[in-house]
Amino acid sequence: LAHLRTSQKPAGDGKIIYPPGVKEITDKISNDEVVKRLKMVVKTYMDMDQDSEEEKQQYLGLALHLASEFFLRNPNKDVRLLVACCLADIFRIYAPEAPYTSHDKLKVGSLELFTIFLELKQSNNSHNQKVQMHMMDLMSSIIMEGDGVTQELLDTILINLIPAHKNLNKQAYDLAKTLLKRTVQTIETCIANFFNQVLVMGKSSVSDLSEHVFDLIQELFAIDPMLLTSVMPQLEFKLKVKTTHTHIHTFRMNHYSDTSTVASQHEGRRFNDIHVPVRLECVKFASHCLMNHPDLARDLTEYLKVRSHDPEEAIRHDVIVTIINAGKKDLNLVNDQLLGFVRERTLDKRWRVRKEAMMGLAQLYKKYCLHHEAGKESALKISWIKDKLLHIYYQNSIDDKLLVEKIFAQYMVPHSLDTEEKMKCLYYLYACLDTNAVKALNEMWKCQNMLRGLVKELLDHHKLPASEANNTAMFGKLMSIAKNLPDAGKAQDFMKKFNQVLSEDEKLRVQLEMLISPTCSCKQAEICVREITRKLTFPKQPTNPFLEMVKFLLERIAPVHIDSEAISALVKLLNKSIEGTADDDEEGVTPDTAIRSGLELLKVLSFTHPTAFHSAETYESLLQCLKMEDDKVAEAAIQIFRNTGQKIETELQQIRSTLIPILHQKAKRGTPHQAKQAVHCIHAIFNNKEVQLAQIFEPLSHSLNADVPEQLITPLVSLGHIAMLAPDQFASPMKSIVANFIVKDLLMNDRVLGNKNGKLWTADEEVSPEVLAKVHAIKLLVRWLLGMKNNQSKSANSTLRLLSAMLVSEGDLTEQKKISKSDMSRLRLAAGAAIMKLAQEQCYHEIITPEQFQLCGLVINDECYQVRQIFAQKLHVALVKLLLPLEYLAVFALCAKDPVKERRAHARQCLLKNISVRREYIKQNPVTQEKLISLLPEYVVPYMIHLLAHDPDFTKPHEYEQLKDIKECLWFMLEVLMTKNENNSHAFLRKMVENIKQTKDAQCPEDVKANEKLYIVCDVALFVIANKSTACHLDCQKEPVLPSKFFLVQDKVIPHTHTHTHRDVHYIVRLSGLSSNQAPVRECCGG
């Protein structure tokens, strides 16, 4: 390197002059001494500038000496670094003429110079920028003005681009990157030659970097695509080479070329490659292709469509990542079909895939709908995302529910926003959601509120003295809380541990109690959560699953959106919509929609956060809503008063005096829904409720007129609810109204001739006023009885006989043929629902006869589809809340005969849900044997058998079609019941059916035919059980208890004289195909 320039001679005829205080530097001294002396030399050169001509000439010899091999190739790193500092300053000082010879000779040492300069760059970030610039000029000149770049020098530059080196030495990477950009025209040929030898000729020995060629291509393209101008055709050749490893890397590289023409031909095939890594790599780089090859979007959509259903979880996951990444860069890069693939994957069977899809959609929603980063058109394109994400809350998985809650709190209505912005976001989001999304959001708040209630009950138990009963109750609460957290098994253990911590730390209990307090503000909630997590952080651990589980709980119960301030902000937004000064149109909703949805939102929140509403300002706004013409708005406002107005009487007298006359008016002349809410509101919030209700009852009871049915609906609703809420106060007048007006004047008379169009159902608005009045009259009867809660006057017996007669006459109680088919359907539904409602009260359930139960149950097989649908839904809701006795679950067995497939599927889902709820309840709550009989799902079988034996369609016990129907009904229930053989339940079922065969039908014990039908149903049931399970023949120690209302137990065993039916039963069951693919059946039908 150190060839002297001929025009320059060092001072002193070649003698090297050192700065003052610096002794001679030779290879004779130690490295430590060399370093010590070089540091002083570095300082000298750093202090020199270009105008110091005398010093430049004086230290020229030293400059040439420092460029000798002793320094440049010194094994000591510190020596090389200090020399590099000196050289950098030397080039700065002597510029534009370097003190060394021409570049053709200088390039011999360029490798060493470049290497030590990289080390300098890494170790001396603060070195003078001008010095670094001069070094860069030097290196660029060596490459551009020389004859070429040796492979060794190229390797020295390129090695810094390899990911491992790049991450280790970022400064060296930046230097190499800058150098390549400067010398692209010259060095491109050398790079092409290197890749040609490795890729085409297969000479991997030419360089140690041969195994990193694909990584290098990727990095070089990122620096400057011109560096690869000659390389891309070589990649097209490599795509045709059939090795997995080559396919992966070559595909990766081609996606970095904007000029590649291979994608649609060779690369497209790789999306369907047999090797998983190849398909995975294709999908990973599809987003880059979407961004750089818009013309290939159509082909990529087809490829990604197939891969979105790939059997490999990782590939389906990366399809989502690919589409979302492209969408986040520019929504126009992804078409509706690609977004549809992500939408589909929100229901993927794998949690990791579902999570990625949901989070990806949430990010797009926040970016384009919430922040409007690409205008209204883009927001409209993905407006469906909000509904889709909330629909996922209907999924059974707790992980899905928790993620929806997280997405709602962070992406849809970010809790980090200030209160006004946050509530504006919620206000208009609620207005734009579809019906199912609104229900899901309401359910989310309901679940969170329920969980807060469980935590409050747990804390209440901590305040009680220790006892066995208290510990048991506390354990039940812990199990209920754990069910609402991910990974139920671990959640139970962690909740037990959390409960132990609570019992030992009073301050922690105080913080938790503050968090779930109705008065806790959102800001206070953040502080509480922070304090609780801080207390549980110690001792610190790399991972703390216990803390993570507690965080899940805190996130669900913390009020991050709603507090008094938030409700106030919502009310202000509602006022603006009413006044017409809001941004409703700008937000894409009409003022009427905004007002109605705003009131609905407040109504829902009034259930979960009632104390947040207690302010004069809020109630003044609600009073304005009561005066509006929109019936739904007024109804919602009354319900909010009902839910939140407990302190109005004592603290807000002015609101009270304004509210009372409005409620009276709504109870007398409002809509039926308004009347109901008005009566309940008066009962809930006023101390003198008796006076208030009497002022409504008296005028309404005297104004009843069956000749004007359209004016009867609201009075009937109000009177019914008053009778239910204050039964003793109005007992005498109500009995008179029921006997003289409801039954005799209204229900037993048909004044108007119905429409004879033959339709089984008509829309609500087409139902005649007289039939509507009769439906509400039936509801009044039920409410009156539910208020009394006793049958001392035998009114319930009379009512049940009336309702049964309504069902027997198919809705035409008078049998005068005046009423239309559709109106008869309405009355049958009302009668069936009324019996079912009365059965929820124990005192009335006891007096419902088996015949009345059967009439009620048969409504589920009504000829009218809508009657079957509505009745089944009412039945399911009452059963799942454990309001109805177990025998009503047997009614679902009749759904096997429903001609509509969707109805049968719905009924099966209802069965699954109800059985699951009952089993879970038994697990969580210790129950007595008597209570167990009313809860254990297996005990539905006796009721089902009795119900089927009395099915009106089962008239000929030996007829093929009728027996087949019985078998289908039995199978419909037993198939769900016998999914698992828990606690030897299959043998228990067999024994139960066998025991029934030793009884008589309690409904008609002396009727031979009725008993024969009962035994035949038992035979079919035994055969179905035996075909479903081989375990049913095991011994069963537990003795089933049969309901005495339905089965008459005999003192002695009944001899089986009816064995002649067995062959028919076996024949029918086999013909139906039940046992064709199941286990061999033992002869169990003989009992």
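Is Trp445 buried or exposed, and what is its relative accessible area? In this predicted model, Trp445 is buried, with a relative accessible area of 4%, and the aromatic rings of the structure offer a way to follow what surrounds such a residue.

A search of the whole structure finds twelve aromatic pairs. A pair of aromatic rings is described by two things, the distance of the centres and the angle of the planes. Take Phe194 and Phe195, whose ring centres are 5.1 Å apart and whose planes meet at 45°, so this pair is tilted, since an angle that is neither under 30 degrees nor over 60 falls into that class. Both of these residues, Phe194 and Phe195, are buried.

Trp445 belongs to another pair, in which its ring and that of Tyr430 have centres 6.4 Å apart and planes at 20°, so the pair is stacked. Tyr430 lies in helix 26, which covers residues 419–432, while Trp445 lies in helix 27, which covers residues 435–462, so the pair ties together parts that are 15 residues apart in sequence. Like its partner, Tyr430 is buried, with a relative accessible area of 4%, and the value for Trp445 is also 4%.

Ring pairs can also join into a group: Phe853, Tyr888, Tyr943 and Phe1046 are linked by them into a cluster.

A ring may, finally, have a charge as its neighbour. The charged end of Lys366 sits over the ring of Tyr411, at 5.5 Å from the ring's centre, and Lys401 lies over the face of Tyr393, where the distance to the ring centre is 4.8 Å.

Note on methods:
Residues are numbered from 1 along each chain as its sequence is written. This is a predicted model: local features need pLDDT of at least 70, side-chain atom pairs count only at pLDDT 80 or more; totals for chains, interfaces and linings use all residues. Side-chain values use heavy atoms; hydrogens and water are left out. Rings of Phe, Tyr and Trp (its six-membered ring) pair if their centres lie within 6.5 Å; planes under 30 degrees apart count as stacked, over 60 as edge-to-face and the rest as tilted. Buried means under 20% relative accessible area, exposed over 50%, partly exposed in between (1.4 Å probe, protein chains only). Helices (H or I, at least four residues) and strands (E, at least two) are DSSP runs, numbered from the N terminus. A charge sits over a ring if NZ of Lys or CZ of Arg is within 6 Å of the ring centre and within 35 degrees of the ring normal.
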